[in-house]
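Reader: I would like to go through the geometry of this model, starting with how burial is judged.

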Amino acid sequence: MAWIGLLLLLATVALPGLRAGPPLVLWHGMGDSCCNPFSMGAIKKMVETKVPGIYVLSLEIGNSVTEDVENSFFLNVNKQVDQVCAQLAKDPNLQSGYNAMGFSQGGQFLRAVAQRCPSPPMLNLISIGGQHQGVYGFPHCPGESSHICDWLRKTLNSAAYTKLIQEHVVQAEYWHDPLSEELYRNNSIFLADINQERHINESYKKNLMALKKFVLVKFLKDSMVDPPVTEWFGFYKPGQATETASLQESALYIEDRLGLKAMDKAGQLVFLSSDGDHLQFTEEWFYTNILPYLQ
């Protein structure tokens with residue numbers, strides 16, 4: 001009967017795809033890094049525990065953890081996306097497709113990857129607290145980055161759409177001023193592009209619609225993102241910064257510039273929420289709500 005045990009062992013070793021599922025790519029948020037044991041490192045371990053054998057790539061933007069953190073503030077987002085697309089294209093583990101999970105600004109950065117770089121194919125995109133219609137404020141910032149955020153607030157309020165700031169301050173590239181919509185549309189070098197604000201790039205729409213699921217997570221007590229509804233693709237109504245509108249009420253949806261309306265109707269959009277502050281959730285919530293899209 002020893003051969004039965006041998007067959008079971010061979011099935012486990014030779015056919016890892018039966019248990020591992022698609023690879024997973026992670027992109028961290030502002031002021032974080034690929035390998036922080038209390039954030040991305042913990043997420044990686046949580047996934048690996050529940051999906052044995054899965055290949056998880058936590059993106060490091062730069063040549064060190066320190067550079068990775070600095071680049072989350074100061075490296076042009078378009079350059080970051082180009083670097084990531086090149087890295088994914090060269091990774092032999094991803095060529096049959098992968099799932100992607102972005103945290104905070106990593107959510108919209110991975111959406112740019114989905115829209116601009118269809119090979120290798122992204123299967124599911126999970127945006128956890130991503131700011132897909134941008135932000136119009138940073139009420140508070142994480143941990144040791146608070147001094148940088150104080151500077152960011154002052155800079156973005158006065159000069160967000162100048163060429164120098166757009167090219168060198170990451171958060172300026174998804175700064176969305178509802179009081180100056182035309183200025184935003186004409187000068188935003190990242191968000192206005194991926195949201196089809198100036199012209200329609202049909203490949204962006206086609207590539208995003210190729211996702212199986214686009215999962216959007218909003219934090220119901222978010223005190224960091226302004227406005228929190230941007231995590232579900234909503235934003236302030238134009239011309240003021242008090243009243244918000246949902247994705248379904250936006251021109252982006254009504255005109256279907258990105259295919260989001262079609263995706264919504266087809267059940268490809270998934271709207272989830274967590275009853276906590278920005279990026280605050282329990283392991284139980286993660287396993288219940290996110291894990292099904294990774295297997």
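Author: A residue counts as buried when its relative accessible area is under 20%, and as exposed when that area is over 50%. The model discussed here is predicted.

Reader: By that cut-off, is F214 buried or exposed?
Author: F214 belongs to strand β5. Its relative accessibility is 0%, and the cut-off for burial is under 20%, so F214 counts as buried.

Reader: Which residues is F214 in contact with, apart from its neighbours within four places in sequence?
Author: The C-alpha atom of L260, 46 residues away along the chain, is separated from that of F214 by 9.5 Å. L260 is itself one of the contacts of F214. With the neighbours within four places left aside, F214 is in contact with R111, L125, S127, H132, L208, F233, L260, M263, Q268, L269 and V270.

Reader: One of those contacts is L125. What is the bridge partner of L125 in β5?
Author: Strands β4 and β5 pair in the parallel sense, over five bridges. Within this pairing, L125 has its bridge partner in β5, and that partner is F214.

Reader: In what order do the six strands of the open sheet stand?
Author: The pairing in this sheet is parallel. From one strand to the next, the twist averages 15°. The order is β2-β1-β3-β4-β5-β8.

Reader: Which strands of that sheet stand at the edges?
Author: An edge strand here has a single partner strand, so one side of it is left without a neighbour in the sheet. This applies to residues 56–58 and 269–274, which are β2 and β8.

Reader: Which strands does α6 lie across?
Author: Helix α6 covers residues 105–116. Its direction is at about 145° to β3. The strands that α6 lies across are β1, β3, β4 and β5.

Reader: At what angle do α6 and α11 pack?
Author: Helix α11 spans residues 202–209, and its axis is 7 Å from that of α6. Angles of 65 to 115 degrees count as roughly perpendicular, so α6 is described that way relative to α11. The angle is about 105°.

Reader: Which residues make the contact between α6 and α11?
Author: The residues of this contact divide into three nonpolar, three polar and two charged. On the α6 side they are R111, A114, Q115 and R116, and on the α11 side S203, Y204, N207 and L208.

Reader: Turning to the backbone, what is phi of S104?
Author: Most residues other than glycine have a negative phi. S104 sits in the loop between β3 and α6. With a relative accessible area of 7%, S104 is buried. Its phi is positive, near 55°.

Reader: What is phi of F233?
Author: F233 is found in the loop between β5 and β6. F233 counts as buried, at 1% relative accessibility. Phi is again positive in a residue other than glycine, with a value near 75°.

Reader: Where is P120, which follows a cis peptide bond from S119?
Author: Most peptide bonds are trans. The bond from S119 to P120 is cis, with omega near 0°. P120 is located in the loop between α6 and β4.

Reader: And where is P227, at the cis peptide bond from D226?
Author: Omega of the bond from D226 to P227 is near 0°, which is cis. P227 is placed in the loop between β5 and β6.

Methods: Residues numbered from 1 in each chain as written. Predicted model: local features only at pLDDT ≥ 70, side-chain atom pairs only at ≥ 80, totals over all residues. Heavy atoms only, no water. Axes fitted to C-alpha atoms, helices over the stretch in contact; angles between N-to-C directions. Helix = DSSP H or I, 4+ residues; strand = E, 2+ residues; numbered from the N terminus. Parallel < 35°, antiparallel > 145°, perpendicular 65-115°, else oblique. Contact = heavy atoms within 4.5 Å. Nonpolar A, V, L, I, M, F, W, Y, C, P; charged D, E, K, R; others polar. Buried < 20%, exposed > 50% of the residue type's maximum accessible area, 1.4 Å probe, protein only. Pairing = 2+ DSSP bridges.
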